[in-house]
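The following exercises concern the structure shown below. Each one sets a task and then works through the solution in steps.

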Amino acid sequence: MIAVGELHSILALAQRDLTKLLRDRARLITTVIFPFIFIGALGGTLSASFGRAPGFDFLTLTFTGVFAQTLFQSTAMGMISLVIDRENDFSQELFIAPVSRYTIIAGRILGETLVALPQALAILAFGLVIGIPISPGQLVGLIGTGIIVAFFGGAFGVLVLAFLNNQRAANQVFPFIFLPQFFLAGVFTPIQVMPWYLELPSRITPLRYAVDFVRGVFYAGTTDYQHVVLQDPAANFAIIGPAFVVCLVIGTFFFVRSERNR
Amino acid sequence: MRATAASREVRHAPSDRDTIVVTDLVKRYRGAELNAVDGISFTVQAGELFALLGPNGAGKTTTISILTTTLAPTSGVALIGGHDLASDPSGVRRTVGIIFQKPSLDLNLTAEENVRLHAILYGLFPYRPFFALMPIAYRDRVRELSAILGIEREMFKPVKTFSGGMKRKLEIVRSLMHRPRVLFLDEPTSGLDAASRRALWDYLRQVRLETKATVFLTTHYLDEAEDADRICILDKGKIVAEGTPAAVKQDLTHEYLVVDAADRDALRRELVGRGVVHRETPLFEIPLDGLGAHAILKSIDTPLTTVRTVAPSLEDAYLKVLARS
């Protein structure tokens with residue numbers, strides 16, 4: 001049970017990240033535009049080439065994949081702000097505060113989730129504009145799963161950052177970690193059939209479970225479900241939940257240790 | 001308190017009045033061959049202004065980082081306000097306030113937003129998204145402290161527009177929000193011009209008077225340490241001198257009389273003839289060592305062209321300590 005004081009601290013830290021986003025117009029615009037390129041350009045060309053030939057709509061598949069990937073990656077990358085705070089000497093103000101270190105990290109994850117939400121809403125609006133059929137139930141499902149995926153991405157980001165010393169290293173390492181995941185998680189293309197040497201890395205790819213979780217809820221009750229979804233959303237959640245806790249605990253432990261044990 | 005000579009370890013029996021008790025503190029950074037802090041022990045009494053001095057790399061910031069829980073020691077024990085650094089870091093954090101060597105403000109937020117974040121993290125007030133929604137007690141405290149430091153009109157402006165001096169003042173406002181019993185100031189005036197330094201110290205004196213807080217200071221400006229109740233000089237991670245500024249000065253430096261004459265040979269002959277200890281630099285320096293300047297001057301017949309007494313500063317003592325160590 002989180003103490004009330006810790007909850008207030010989490011909210012205050014989260015507001016800080018959101019405030020910074022809202023005051024940075026350039027960042028606000030670029031973060032919203034980037035997913036459009038994926039959905040509009042990549043999804044559009046794939047859809048034009050294949051249509052419903054594989055038994056499902058490619059554009060919708062890309063839309064759901066990019067939706068999950070954007071939230072996961074945005075929050076994970078947002079955790080770089082922990083390293084930026086360290087380089088700007090602000091982390092010493094945070095880490096001297098009499099609150100749990102987990103509270104500080106949780107506040108940052110919630111903050112970066114709030115930062116990712118405008119992107120998610122923009123993607124949803126864009127999906128509706130380009131004619132992706134989204135029912136009210138699917139809309140609620142996308143937002144709900146999207147928030148869970150964003151939290152998962154944040155915890156994954158903390159785990160990665162715990163072993164990186166500076167912003168430069170983080171900016172170099174994160175693309176290497178994310179680019180293979182785009183393909184191994186089936187963000188743009190289906191991965192129901194994969195060669196064994198890709199199947200194995202795919203199964204240890206966190207983004208795979210995030211994307212499939214979103215799709216499992218989005219496609220529930222539709223005929224495309226069997227062509228697109230890899231496993232039941234409950235099974236995905238059973239993996240995402242413990243993985244979130246493990247990433248958060250190990251990541252926070254090592255990040256704090258790297259702060260204090262120099 | 002007695003000043004100590006180079007490298008001699010200082011040990012104290014902690015008393016009830018000690019608010020900081022440090023025993024055999026050691027810090028060796030990863031991969032380093034030498035200890036940054038090498039087995040230091042000292043105590044600070046409640047309400048004191050305690051100054052930790054030393055050249056760059058002496059271990060001052062390392063010590064302050066350990067005592068404020070932002071850096072783990074390699075070994076040793078430290079109690080702050082009765083809280084053990086190792087077993088009760090949260091208690092230590094509630095007890096102390098700190099102004100870091102490098103400003104630790106979020107430049108993207110306003111001054112008040114920085115203060116509000118601090119107040120909520122310290123559990124002083126509940127979270128509210130806007131200043132206007134914060135409890136009256138918070139709003140009054142912010143107004144009161146910002147008025148003391150003369151930045152009440154800037155509290156709602158982005159910190160990125162602040163000068164170095166204003167950032168320091170804002171950090172003081174922030175650090176006092178939770179009424180700390182011990183205030184750590186790590187080179188608080190570094191990078192400030194002379195006027196800002198003086199103004200900041202005027203504010204800090206006022207703050208000390210009003211809060212009765214213990215102040216633990218590190219500084220490169222020796223004149224700032226002249227007002228300290230006690231000083232401690234570190235060099236290469238070890239304590240090389242400790243005591244009141246007056247005691248350290250008395251132990252290491254001496255007041256002397258400087259005289260000169262147009263006929264230096266006559267003056268030299270007279271001083272030697274009367275057995276007056278002196279040295280020529282080329283002026284004649286006569287250590288007073290309990291002798292009265294007036295008595296010495298009365299005993300000299302050679303007409304003098306220069307007469308003055310020199311009282312050494314803390315800086316003279318400090319440089320002497322470092323030269324010895």
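Two strands count as paired if DSSP finds at least two bridges between them. Helices (H or I, at least four residues) and strands (E, at least two) are DSSP runs, numbered from the N terminus. The model is predicted: local features need pLDDT of at least 70 and side-chain atom pairs count only at pLDDT 80 or more, while totals for chains, interfaces and linings use all residues. Residues are numbered from 1 along each chain as its sequence is written, and chains are lettered from A and ligands numbered from 1 in the order in which they are written.

**Exercise 1. Trace the pairing around β11(B) in its sheet.**

Solution.
- Step 1. The open sheet has four strands, in the order β12-β13-β11-β14 of chain B, with antiparallel pairing.
- Step 2. Six bridges connect β11(B) with β14(B), and the two strands run antiparallel. Within this pair, B:Y256 has B:V310 of β14(B) as its bridge partner.
- Step 3. Strand β11 (residues 256-261) of chain B also pairs with strand β13 (residues 284-287) of chain B, again in the antiparallel sense, over four bridges. Here B:V258 is opposite B:E285, and B:V259 is opposite B:F284.
- Step 4. The edges are β12 (279-280) and β14 (304-310) of chain B; each has a single partner strand, so one side of each lacks a neighbour in the sheet.
- Step 5. When reading residues along a strand, recall that side chains in a regular strand alternate between the two faces of the sheet.

**Exercise 2. Identify the edge strands of the sheet β2-β1-β4-β5 in chain B.**

Solution.
- Step 1. This open sheet is built from four strands with antiparallel pairing.
- Step 2. β2 (37-45) and β5 (83-84) of chain B pair on one side only, and they are the edge strands.
- Step 3. β5(B) is joined to strand β4 (residues 75-80) of chain B by two bridges in the antiparallel sense. B:I80 has B:H83 of β5(B) as its bridge partner.

**Exercise 3. Describe chain B as a whole and the contact between its domains.**

Solution.
- Step 1. Chain B contains eleven helices and 14 strands, and its C-alpha trace spans about 85 × 45 × 40 Å along the principal axes.
- Step 2. An automatic or database domain assignment supplies the domain bounds; it divides chain B into domain 1 (18-249) and domain 2 (253-324). Their C-alpha centres lie 42 Å apart.
- Step 3. Two residues are in contact if their C-beta atoms, placed from the backbone, lie within 7 Å. The contact takes twelve residues from domain 1 of chain B and nine residues from domain 2 of chain B.
- Step 4. On the side of domain 1, α7 (222-225), β9 (230-235), β10 (238-243) and α8 (245-252) of chain B each give two or more residues. The largest share, three residues, is that of α8(B).
- Step 5. For the classes, Ala, Val, Leu, Ile, Met, Phe, Trp, Tyr, Cys and Pro count as nonpolar, Asp, Glu, Lys and Arg as charged, and the others, Gly among them, as polar. The side of domain 1 that touches domain 2 has nine nonpolar, no polar and three charged residues.

**Exercise 4. Determine which element of chain A supplies the largest share of the side that touches chain B.**

Solution.
- Step 1. The contact draws 22 residues from chain A and 27 residues from chain B.
- Step 2. In chain A, α1 (4-22) and α5 (91-95) each supply at least two residues of that side.
- Step 3. α1(A) gives nine residues, the largest share.
- Step 4. By class, the side of chain A divides into eight nonpolar, seven polar and seven charged residues.

**Exercise 5. Compare the expected span of α6(A) with the distance between its end C-alpha atoms.**

Solution.
- Step 1. The expected span is 1.5 Å times one less than the number of residues.
- Step 2. For the 29 residues of helix α6 (residues 101-129) of chain A this gives 42 Å, which agrees with the 43 Å between the end C-alpha atoms.
- Step 3. A bend is the angle between axes fitted to the seven residues ending at a residue and the seven starting there. α6(A) bends by about 25 degrees at A:A116, and the proline A:P118 follows within four residues.
- Step 4. Just after α6(A), A:G131 has a positive phi of about 90 degrees.
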